[in-house]
Number of protein chains: 2
Amino acid sequence: MKKRLFTPGPTPVPESVMLRMAEPIIHHRHPEFSELFTRVCENLQYVFQTAHEVLTLTSSGTGAMEAVVCNVHSPGETAVYVNGGKFGERWGEILRAYGVNAVEVRVEWGDSVLPGQIQSALEQHPNARAVYLTHSETSTGAATDVKEIAKVVRERKDVLTIVDGITAVGALELRMDEWGIDCVVTGSQKGLMIPPGLAFVAVSPRAWESINSSRCPRYYFDLRAARKALGSNDTPWTPAISLLTGLDAALAMICREGIEQVWARHARLATALRSATKALGLQILAKEPSNALTAIRIPESIDSKKFSTFLKKTYGITAAGGQGALAGKIIRISHLGYYDELDMIAVISAIEMALTGCGFAFERGAGIRAAQESFLRHSP
Amino acid sequence: MKKRLFTPGPTPVPESVMLRMAEPIIHHRHPEFSELFTRVCENLQYVFQTAHEVLTLTSSGTGAMEAVVCNVHSPGETAVYVNGGKFGERWGEILRAYGVNAVEVRVEWGDSVLPGQIQSALEQHPNARAVYLTHSETSTGAATDVKEIAKVVRERKDVLTIVDGITAVGALELRMDEWGIDCVVTGSQKGLMIPPGLAFVAVSPRAWESINSSRCPRYYFDLRAARKALGSNDTPWTPAISLLTGLDAALAMICREGIEQVWARHARLATALRSATKALGLQILAKEPSNALTAIRIPESIDSKKFSTFLKKTYGITAAGGQGALAGKIIRISHLGYYDELDMIAVISAIEMALTGCGFAFERGAGIRAAQESFLRHSP
């Protein structure tokens, strides 16, 4: 059976990228690597829309989140973070692990934080040094308006805006410099279309000031070491070389398409899947849904396990279920990275057949029709 | 030109492993991954010769070194480490980054620490909680007798023996449990024959006692989280999935050959290269040379840059130079991982031709003859 991956990380790896990674390995302290790494770093700056350094770490996205926390803070400082899902919650866990006084702004999982909520939190905690956001909350499929929130944060001179862009970079519009964001983090197995194992942190000059005075212990994730090595087109420790060669190929694809066109494609696929979902009589969990993935509520009349098994066993589709309190209640379909219109048609069709298989009543074909109409209305 | 990699990490990746990694990516929270990961962990236990947990991290070997330090210690504790090269020195840097009082046992770079030196250090610092060793010092090609040193350390009930096995695991005889070692660390791009990006920490029950009471801040490298996830055949954060599929293939090769046969092959290749080196009138840096790599002193009459360039440009051979104070003074030739007898013949022949090209006087063919004699004497 043909296998189709619709999880919001890992995401499908383009065939050309897989072949590139199968080439014999090169050494990371030799000129051919420097050339490749220089090109990769420049293209990452384009994807992040920043003129500042984008540092490469060999770790998962969580490692890059920790790298930000242990580099910008000293123990005892205060920071505000938004908990609107599992990954927002993680900011709080990491901050507390480093002795930072972590002030939680809690939003219902599936909702998105409003700029006014951040405004209030900063008024109540005037000593806060940073605000931690999740651009696209992978656990709920909700998007955060980081542009507007960054504006609110920027009114305070000494507060950093830090964005988990793990399922957002390369999918949702993000203009780091123009929007005044200080740190953006992402992982490789998301919009960048390569396997997991690399993570990235983009850092503003304001953030470097904090990093240079931080008193948290760190070594492997010391961003000062990464910056120093970057000066000679290198990394301080042996990087995941084969993933970097794959990334070079994947970034070339993104650059050829154009980052704004990549964002537009994600919007087009997301819009169609959302239309289809509604046409099938299903509900979307997020109020402000992300263009990276769609979390669909599973109707109470349906056995969620049976539904997932049908998708997997009958049509080879791997999707993601819910995490924590959302387990068994949602299915998350990714349109993050290497997807096109007909991939969406395929997954919508499989969903229709699985719904039928689970005895759910709806007008067969309504989802596909809605998606087609959406595509025709928003053709590039 | 055909390219040949003779660096002690990254090491050549077998063709079958490269092809395996080029397969479509699978999701890490699904049964097919659990199956693979279970098999990988069991085979790692065999390679480390341990019945205890071997934890998988997505990082370089340095990340795994830090994971040990920040998990077994609390700030203010004392630990002894051996500085006999760049990687021994790194133990000291990491220990100090976490506020550990790091007592250095300094040996000349190229020499190996003696059990008596560790004995003295422990007598002088009876409050030391751990001894940090480097089994095969990659910067000098020197091997440490960890078996004898572990015996000395074990005489003290509360002192842990911690071994950097980064260029040793899968190359030098290592019997973690039998020798009473508490933590062994390695990286993926060495004896395990896959690209960089994964690292491993094997942990004894004694070490877990320290880990459970440590007060160092940690999150991504928290070994308690890795152990908990291992209980359900999983990792706490998204692992480098494609590297794990490659590792599965590479470990199958090691298991087919047998770990003792793998150690014997490394000994055979190292012995032949050392014979050849001496026959050419060259000197080996290390007094107790490692079977993973050979660091050869470049004669003073030779321009080291010209020598390396000849190897690279004329014969496509990438070898490693010296680091730090050894820059320009040595060349390091790896026989770590996916190498056989004729690979050694190839590199020795290239060295002979490069020596001639650099005007060095020696009996042409003497190196090859010595290697052949060594192989014939030690045939498996």
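**Strand β9(B), the chain pair and the domains of chain A**

User: Which residue stands opposite B:Cys183 in β9(B)?

Analyst: The residue opposite B:Cys183 is B:Ile162. This is a predicted model. B:Cys183 itself is found in strand β9 of chain B, residues 183-187.

User: What makes B:Cys183 count as buried?

Analyst: Around B:Cys183 there are 30 other C-beta atoms within 10 Å. The cut-off for a buried residue is 20 or more such atoms. The value of 30 meets the cut-off, so B:Cys183 is buried.

User: Which residues does B:Cys183 touch, not counting residues up to four places away in sequence?

Analyst: B:Cys183 touches B:Val68, B:Leu160, B:Ile162, B:Val163, B:Val201, B:Ala202, B:Val203 and B:Ala207. Each of these counts as a contact because the C-beta atoms of the two residues lie within 7 Å.

User: Why is β9(B) called largely enclosed by the rest of the structure?

Analyst: In β9(B), 5 of the 5 residues are buried, so the strand is largely enclosed by the rest of the structure. B:Cys183, B:Val185 and B:Gly187 point one way from β9(B), while B:Val184 and B:Thr186 point the other way. In a regular strand the side chains alternate between the two faces of the sheet.

User: How do you know that β9(B) pairs with strand β8 and strand β10 of chain B?

Analyst: Two strands pair if at least two bridges are found between them. Strand β8 of chain B (residues 160-164) is joined to β9(B) by 3 bridges, and these two run parallel. Strand β10 of chain B (residues 199-203) and β9(B) have 5 bridges in the antiparallel sense. Both counts reach the cut-off, so both are pairs. In β10(B), B:Ala202 is the residue opposite B:Val184.

User: Why are β11 and β13 of chain A said to stand at the edges?

Analyst: They belong to an open sheet of 3 strands in chain A, with the order β11-β14-β13 and antiparallel pairing. β11 (293-297) and β13 (320-321) each have a single partner strand, so one side of each is left without a neighbour in the sheet. β11(A) pairs with β14 (residues 330-334) over 5 bridges, and there A:Leu293 has A:Ser334 as its bridge partner.

User: What makes the relation of chain A to chain B that of a two-fold axis?

Analyst: Chain A is superposed on chain B by a rotation of 180° with 0.0 Å of shift along its axis, and the RMSD is 0.0 Å. That is the relation of a two-fold axis. The same surface serves both copies, since 100% of the contact residues of chain A recur in chain B.

User: How many residues of chain A are in contact with chain B, and which helices supply at least two of them each?

Analyst: There are 42 residues of chain A in contact with 42 residues of chain B. The helices of chain A that each supply at least two residues to that side are α1 (15-21), α3 (61-72), α4 (86-97) and α10 (241-257). By class, the side has 23 nonpolar, 15 polar and 4 charged residues.

User: Where do the two domains of chain A lie in the sequence, and what joins them in contact?

Analyst: The domain assignment gives domain 1 as 4-8 + 259-377 and domain 2 as 15-256. Their C-alpha centres lie 28 Å apart. In contact are 24 residues of domain 1 and 24 residues of domain 2. On the domain 1 side, α11 (259-279) and β11 each supply at least two residues, and the largest share, 4 residues, comes from α11(A). That side has 14 nonpolar, 7 polar and 3 charged residues.

Note on methods
Residues numbered from 1 in each chain as written. Chains lettered and ligands numbered in written order. Predicted model: local features only at pLDDT ≥ 70, side-chain atom pairs only at ≥ 80, totals over all residues. Nonpolar A, V, L, I, M, F, W, Y, C, P; charged D, E, K, R; others polar. Least-squares fit on C-alpha atoms with pLDDT ≥ 70 in both. Buried ≥ 20, exposed ≤ 12 C-beta atoms within 10 Å, placed from the backbone. Domains from an automatic or database assignment.
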